[in-house]
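Biologist: I'm new to this one, and I'd like to learn how to read it. Could you walk me through it?

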Amino acid sequence: MVDWERLDALTVEALSQYLRIDTTNPPGNESAGAAFLGDLLRENGLDYRLFETGSGRASLLARLTGVGEGKPLIFLNHIDVVPAEAEGWQVHPLSGEIRDGYVWGRGALDMKGMGIMQLAAFIAVAGESRRLRRDLVFLAVADEEAGGYTGLKPLLEKHPQDLEADLVVNEGGFALTDLVPGKPFFMVACSEKYGVWLRLVRRGVGGHGSMPTGQGALELFLPALVRLMSRKRPLHINPIMQGFFSRLAEYWEILAPYREDGDPETLRRIVEKNRLDSIPALNAVLRDTASLNMLHAGTKINVIPDRAEAFLDCRLLPETDAEEFLRFVREALGDEEIEIDRFLDMERAPASPSEGEFYRAVEESILACYPGAVVSPFMLSGLSDSRFFRARGVACYGIIPARLGLADLTRVHGSDERIAVKDLRDGVRFLYDLALRVCA
Ligand SMILES: [Zn+2]
């Protein structure tokens, strides 16, 4: 039997302490966080291994060994957090303060809170000395916030046999409380977009600012950039997002025609007619996007620059071919003189199925632990470490079981990040239930 009283106290106290360890990336310094997690495991009689992927960049792996009927279930979390400016916070972001029923600090939601929930569930399963069908693995990694290139990526390349899995449970969606009144809406990330970063260069003729020629690099560049920004990629509602809308359709009147006929064409018409894609969060998962985020040109106010540079953060649907997207960019710019350098391609991975044994296990555990919950597949517009596992054919589901209003989402990477004590406790029970469902 699990001693829940002890485990609940451990969860809250451990998170509070974990938030005080500075693992801001850069530089990361995840070794300090890994050592803390390792101590917690050892205090509970459990072993672990550390993997170094750089100086001060440790990841930690702990394993409960099963009899090998199926590959392991991995609880995946990242140790690093994004920087936080103390200004604008009600508490110090590295304080781990417990106040008003919440644990506060950078990483409470993204994703030290989930890491501690996974660890507590792992300890709970270990304490029961059950026979496990498959291994249960706790994996806390470095460098997710900088893309995982000094974390999970090299780890998977160097130690693939240690990271075999049938199922990975990671960060991704949250349980939104204001999509459907009275029902926490668990958005289980099954897929994500991939990034293509572009550097555009336009050369022109330099000269004296007192004598413009119309041939300066900026004068030539800006109209093309404006043409590109004014063009939209076509709307594309992929099967994961169709699944999301069909769950929502059970509650949203606006989606009633789609609820009735289930035809993707009907859904498209509803989205277009009601301009649902004018909501940035929806637009980002319904089409490819290009965001113009940096412009460099000129050194002096009276000198016409002969070179201008722009950086575009492009996020593509998993169904989009990057070459086809680049042809669109070139055509939209309408200027053959612009050089396009595709300087970073992020990994494109297939979606994990929103049906089948493992998705169903996640869904059943949520429904068992959160009465009245709705469970829906979803696609992330951003990136997570899940892509590295998905690219290897491993089913990956992203859900942090914190119940949040839409307004709370700004706390992730923003100020006053916090997680409810109740969410921590319920989350441990959910992950414990899921571990037993899949492994026992
Ligand atoms: Zn994260």
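**Reading the model step by step**

Modeller: Of the protein's 440 residues, 55% count as buried. Keep in mind that this is a predicted model.

Biologist: How many helices and strands does the protein have?

Modeller: There are 13 helices and 17 strands in its secondary structure. The radius of gyration is 24 Å, close to the 22 Å given by the globule rule for 440 residues, so the protein is as compact as a globular protein of that length. The C-alpha trace spans about 80 × 55 × 45 Å along the principal axes.

Biologist: What share of the contacts with a separation of 6 or more comes from residues 24 or more positions apart?

Modeller: Those residues account for 79% of such contacts. As for the outside, the accessible surface is about 18,500 Å², and 52% of that belongs to carbon and sulfur atoms.

Biologist: Now the metal. Which residues are the protein donors of the zinc ion?

Modeller: They are H78 through NE2, D110 through OD, and E171, which is listed with OE twice; these donors lie 1.8 to 2.8 Å from the zinc ion. Along the chain, their spacing reads H-x31-D-x60-E. D110 and E171 link distant parts of the chain: D110 is in the loop between strand 5 (102-104) and helix 3 (112-127), while E171 is in strand 7 (residues 167-180), 61 residues apart. Both D110 and E171 are buried.

Biologist: And how do I read the angles at a site like that?

Modeller: Ideal angles are 109.5 degrees for four tetrahedral donors. Here the angles among the 4 donor atoms are 51 to 148°, and the site of the zinc ion is irregular.

Biologist: What is the strand order in the open sheet of 3 strands?

Modeller: The general idea is that strands of a sheet pair through backbone hydrogen bonds, either parallel or antiparallel. In this sheet the order is 4-5-17, with antiparallel pairing. Strand 4 (98-99) and strand 17 (418-420) stand at the edges with a single partner strand each, so one side of each has no neighbour in the sheet. Strand 4 is joined to strand 5 by 2 bridges, and R99 stands opposite Y102 in strand 5.

Biologist: Let's end on a single residue. Where is W197?

Modeller: W197 is in strand 9 (residues 194-203). Its relative accessibility is 29%, so W197 counts as partly exposed. Beyond its neighbours within four places in sequence, W197 is in contact with several residues, including L312, C314, R342 and F343. W197 and E157 are 40 residues apart in sequence and 23 Å apart in space, C-alpha to C-alpha.

Key
Residues are numbered from 1 along each chain as its sequence is written. This is a predicted model: local features need pLDDT of at least 70, side-chain atom pairs count only at pLDDT 80 or more; totals for chains, interfaces and linings use all residues. Side-chain values use heavy atoms; hydrogens and water are left out. Donors are N, O and S atoms within 2.8 Å of the metal (3.2 Å for Na, K and Ca); water is not among the atoms, so sites may look incomplete. Four donors count as tetrahedral if all angles lie between 85 and 135 degrees; four count as square planar and six as octahedral if opposite donors are over 155 degrees apart and all others between 65 and 115; anything else is irregular. Helices (H or I, at least four residues) and strands (E, at least two) are DSSP runs, numbered from the N terminus. Buried means under 20% relative accessible area, exposed over 50%, partly exposed in between (1.4 Å probe, protein chains only). The radius of gyration is taken over C-alpha atoms; the globule rule is 2.2 Å times the number of residues to the power 0.38. Contact means heavy atoms within 4.5 Å. Accessible areas come from the Shrake-Rupley method with a 1.4 Å probe; for residues, only the protein chains shown count as cover. Two strands pair if DSSP finds at least two bridges between them.
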